[in-house]
Amino acid sequence: MTAPLPPIATGLRGRCPSCGEGALFQAFLTYAPRCEACHADFSLEDAGDGPAVFVIFIVGIFIIPMALGFSMILDAPMWLTLIVWIPIIVLVSLWLLRLLRGVMFNLQWKHDALEVKSKDIRK
Ligand SMILES: [Zn+2]
């Protein structure tokens, strides 16, 4: 048996949590249905809203204060602040969202965490 793969490293690289080789994403933010290298089935896994929550916290804590500092220190007009920082915020958010979707998917895979549905509880 091989050593378990580090879920954060494979997640940041957007790789399969099972083999570490195949691509986890088929598009920028869309998970592939299965691993192209080891054929692991990704269809039951979903990171849900978790990555978006972390992105909101990270961007809200680090990027928004930088935009406010830009405006206050340079005494920049609001239109300039918006033109400069809106693209930065959007691009950083998308980049972080991909990284965190990969990490959370890999962590869920490692810990065998699946979404619990009401039919699973009622028996
Ligand atoms: Zn794989």
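Donors to a metal are taken here as N, O and S atoms within 2.8 Å of the ion. In this predicted model, four sulfur donors meet that criterion at the zinc ion: Cys16 (SG), Cys19 (SG), Cys35 (SG) and Cys38 (SG), at 2.2 to 2.3 Å. The angles among the 4 donor atoms run from 106 to 114°, and the site is tetrahedral. For reference, the ideal angle for four tetrahedral donors is 109.5 degrees.

Along the chain, the donor residues follow the spacing C-x2-C-x15-C-x2-C. Cys19 and Cys38 both lie in the loop between helix H1 (7-12) and helix H2 (50-73), so this pair ties together parts 19 residues apart in sequence. Cys19 is partly exposed at 23% relative accessibility, and Cys38 is likewise partly exposed at 31%.

The model also contains 6 aromatic pairs. Two that involve Phe105 are tabulated below.

| Pair | Centre distance | Plane angle | Class |
|---|---|---|---|
| Tyr31 and Phe105 | 4.6 Å | 45° | tilted |
| Phe42 and Phe105 | 5.2 Å | 80° | edge-to-face |

Both pairs connect remote segments. Tyr31, in the loop between H1 and H2, is 74 residues from Phe105 in helix H3 (residues 78-110). Phe42 belongs to the loop between H1 and H2 and Phe105 to helix H3, so their contact ties together parts 63 residues apart.

Phe105 is buried, with 0% relative accessibility, and Tyr31 is buried at 11%. Phe42 is buried as well. Phe25, Tyr31, Phe42, Phe105 and Trp109 form one aromatic cluster. Over the ring of Tyr31 sits the charged end of Arg101, 4.2 Å from the ring centre.

Note on methods:
Residues numbered from 1 in each chain as written. Predicted model: local features only at pLDDT ≥ 70, side-chain atom pairs only at ≥ 80, totals over all residues. Heavy atoms only, no water. Donors = N, O, S within 2.8 Å, 3.2 Å for Na, K, Ca; no water. Tetrahedral: all angles 85-135°; square planar, octahedral: opposite > 155°, others 65-115°. Helix = DSSP H or I, 4+ residues; strand = E, 2+ residues; numbered from the N terminus. Buried < 20%, exposed > 50% of the residue type's maximum accessible area, 1.4 Å probe, protein only. Phe/Tyr/Trp six-rings, centres within 6.5 Å; stacked < 30°, edge-to-face > 60°. Lys NZ or Arg CZ within 6 Å of the ring centre and 35° of its normal.
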